[in-house]
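Please look over the chain and its fold shown below before reading on. The report that follows takes up the sheets, the charged side chains and the aromatic residues in turn.

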Amino acid sequence: DLEGAHLGIGHEGGQAHEVVVRAWRGDQLVHVDRVRASIGGPVWFAAGYRAVTRVEFASSAYWQVVVDDLAYRPR
């Protein structure tokens with residue numbers, strides 16, 4: 001289970017873009033969320049994803065994404 005994470009952007013040029021969060025359960029994509037992040041400080045993303053087997057964090061425009069305080073619960 002992914003409870004959430006603090007997200008940010010690693011470079012000023014990426015601030016105009018979103019962080020895209022995708023999660024899978026096995027081979028099936030079950031969640032896609034977009035989060036507006038900032039270089040000014042972290043934004044808490046409350047995912048609440050249950051029983052996922054893979055999670056991907058990416059910039060919508062290939063900028064560096066900062067992930068901190070990842071909160072998860074193994075099943």
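## The end of the chain

Where is the place of Arg75? Arg75 sits in the segment after S6, strands being DSSP runs (E, at least two residues) that are numbered from the N terminus. The structure is a predicted model, in which local features need pLDDT of at least 70 and side-chain atom pairs count only at pLDDT 80 or more, while totals for chains, interfaces and linings use all residues. Residues are numbered from 1 along each chain as its sequence is written, and side-chain values use heavy atoms, with hydrogens and water left out.

Arg75 is exposed, its relative accessible area being 74% (buried means under 20%, exposed over 50%, and partly exposed in between, with a 1.4 Å probe and protein chains only). Between the C-alpha atoms of Arg75 and Glu12, which are 63 residues apart along the chain, the separation is 37 Å.

## Two open sheets

One open sheet has three strands in the order S3-S2-S5, with antiparallel pairing; two strands count as paired if DSSP finds at least two bridges between them. Strand S3 (28–36) and strand S5 (54–59) each have a single partner strand, so one side of each is left without a neighbour in the sheet. Neighbouring strands here are turned by 15 degrees against each other on average, direction ignored (axes are lines fitted to C-alpha atoms, and angles run from 0 to 180 degrees between N-to-C directions). Strand S2 (residues 18–25) pairs with S5 over six bridges, and the bridge partner of Val19 in S5 is Ser59. Arg36, which belongs to strand S3, is partly exposed at 47% relative accessibility.

The other open sheet also has three strands, in the order S4-S1-S6, with antiparallel pairing. Its edges are formed by strand S4 (43–49) and S6, each with a single partner strand, so one side of each lacks a neighbour in the sheet. The average turn between neighbouring strands of this sheet is 25 degrees, direction ignored. Strand S1 (residues 2–9) and S4 pair in the antiparallel sense over five bridges, and Leu7 stands opposite Val43 in S4.

## Salt bridges

The structure holds seven salt bridges, each defined as a side-chain nitrogen of Lys or Arg within 4 Å of a carboxyl oxygen of Asp or Glu. Among them, Arg73 pairs with Asp1, with the closest N and O atoms 3.3 Å apart; Arg73 lies in the segment after S6 and Asp1 in the segment before S1, 72 residues apart. Asp1 is buried, with a relative accessible area of 9%, whereas Arg73 is partly exposed at 41%.

Arg75 also forms a salt bridge with Asp1, the closest N and O atoms being 2.6 Å apart, so this pair ties together parts that are 74 residues apart in sequence. Another salt bridge joins Glu56 and Arg54 (3.6 Å, N to O), and Arg54 is partly exposed with a relative accessible area of 45%. Asp1, Glu3, Arg50, Arg73 and Arg75 are joined into one network by salt bridges that share partners.

## The aromatic pair

The structure holds one aromatic pair, for which ring centres must lie within 6.5 Å, planes under 30 degrees apart counting as stacked, over 60 as edge-to-face and the rest as tilted. Phe45 and Tyr49 form this edge-to-face pair, with 6.1 Å from centre to centre and 75 degrees between the planes. Phe45 and Tyr49 are both buried.

Definitions and conventions: Helix = DSSP H or I, 4+ residues; strand = E, 2+ residues; numbered from the N terminus. Phe/Tyr/Trp six-rings, centres within 6.5 Å; stacked < 30°, edge-to-face > 60°.
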